Amino acid sequence: MSNRIFWLELASSDIPATAGFYGELFGWPFETDPQMDYTMTAFERGETGMGLSSVNKEQGVAPGSVLVYVDVADVDATIARAEELGAPILLDKTEVPTIGWMAIFGDPGGNRIGVMQRMSAT
């Protein structure tokens with residue numbers, strides 16, 4: 001199904017402590033992908049997952065910010081439509097190896113929203 005929320009990303013100033021907190025609180029398993037240096041939940045396929053990103057004010061990643069990713073059929077078309085509606089494009093279409101293509105734009109309220117077009121499962 002397209003246009004559904006499928007991934008959340010929390011900004012953290014201490015990723016190991018944040019992962020440990022949610023692991024202890026909810027029993028969520030976490031793993032770190034050493035190639036991408038990215039910590040994320042290790043849920044079953046098809047479940048909404050969560051990643052942890054470092055606070056980076058230059059990139060608009062402030063403490064306490066949450067980035068929501070929406071599963072879309074066509075990143076290019078979605079970004080074009082967002083631009084037509086006045087959205088600033090914060091990260092143009094970028095490939096995430098073995099996963100798909102993502103982009104990030106802003107909404108009128110100042111939030112960052114990510115979109116992901118996943119590679120076909122062949």
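In this predicted model, strands β2 and β3 (residues 38-41) run antiparallel and are joined by 4 bridges. One pairing to look for is Thr32, whose bridge partner in β3 is Thr39. These two strands belong to an open sheet of 8 strands, laid out in the order β2-β3-β4-β1-β5-β8-β7-β6 with mixed pairing. At the edges sit β2 (30-33) and β6 (89-96), each of which pairs on one side only. The sheet is not flat from strand to strand: ignoring direction, neighbours are turned by 25 degrees against each other on average.

Helix α1, spanning residues 15-26, packs on this sheet. The helix touches β1 (4-12), β2, β3 and β4 (49-54), and its direction makes about 155 degrees with that of β4.

Stepping back to the whole chain, the secondary structure adds up to 2 helices and 8 strands. Read from the N terminus, the elements come in the order β-α-β-β-β-β-α-β-β-β. The radius of gyration is 15 Å, close to the 14 Å that the globule rule gives for 122 residues, so the protein is as compact as a globular protein of that length. Its C-alpha trace spans about 45 × 40 × 25 Å along the principal axes.

Contacts and surface fill in the rest of the overall picture. Looking at contacts with a separation of 6 or more, 52% come from residues 24 or more positions apart. Of the 122 residues, 34% count as buried. The protein exposes about 7,800 Å², and carbon and sulfur atoms supply 53% of that area.

Then there are the aromatics. The structure holds 5 aromatic pairs. One of them brings together Tyr22 and Trp28, which are stacked, at 5.6 Å centre to centre and with 15 degrees between the planes. Neither ring-bearing residue counts as buried, because that label requires a relative accessible area under 20%: Tyr22 comes in at 21%, which makes it partly exposed, and Trp28 is also partly exposed, at 28%. Both residues belong to one aromatic cluster, which takes in Phe21, Phe26 and Phe43 as well.

Conventions
Residues numbered from 1 in each chain as written. Predicted model: local features only at pLDDT ≥ 70, side-chain atom pairs only at ≥ 80, totals over all residues. Heavy atoms only, no water. Pairing = 2+ DSSP bridges. Axes fitted to C-alpha atoms, helices over the stretch in contact; angles between N-to-C directions. Contact = heavy atoms within 4.5 Å. Rg over C-alpha atoms; globule rule 2.2 N^0.38 Å. Buried < 20%, exposed > 50% of the residue type's maximum accessible area, 1.4 Å probe, protein only. Areas by Shrake-Rupley, 256 points an atom, 1.4 Å probe, with all protein chains shown as cover. Phe/Tyr/Trp six-rings, centres within 6.5 Å; stacked < 30°, edge-to-face > 60°.
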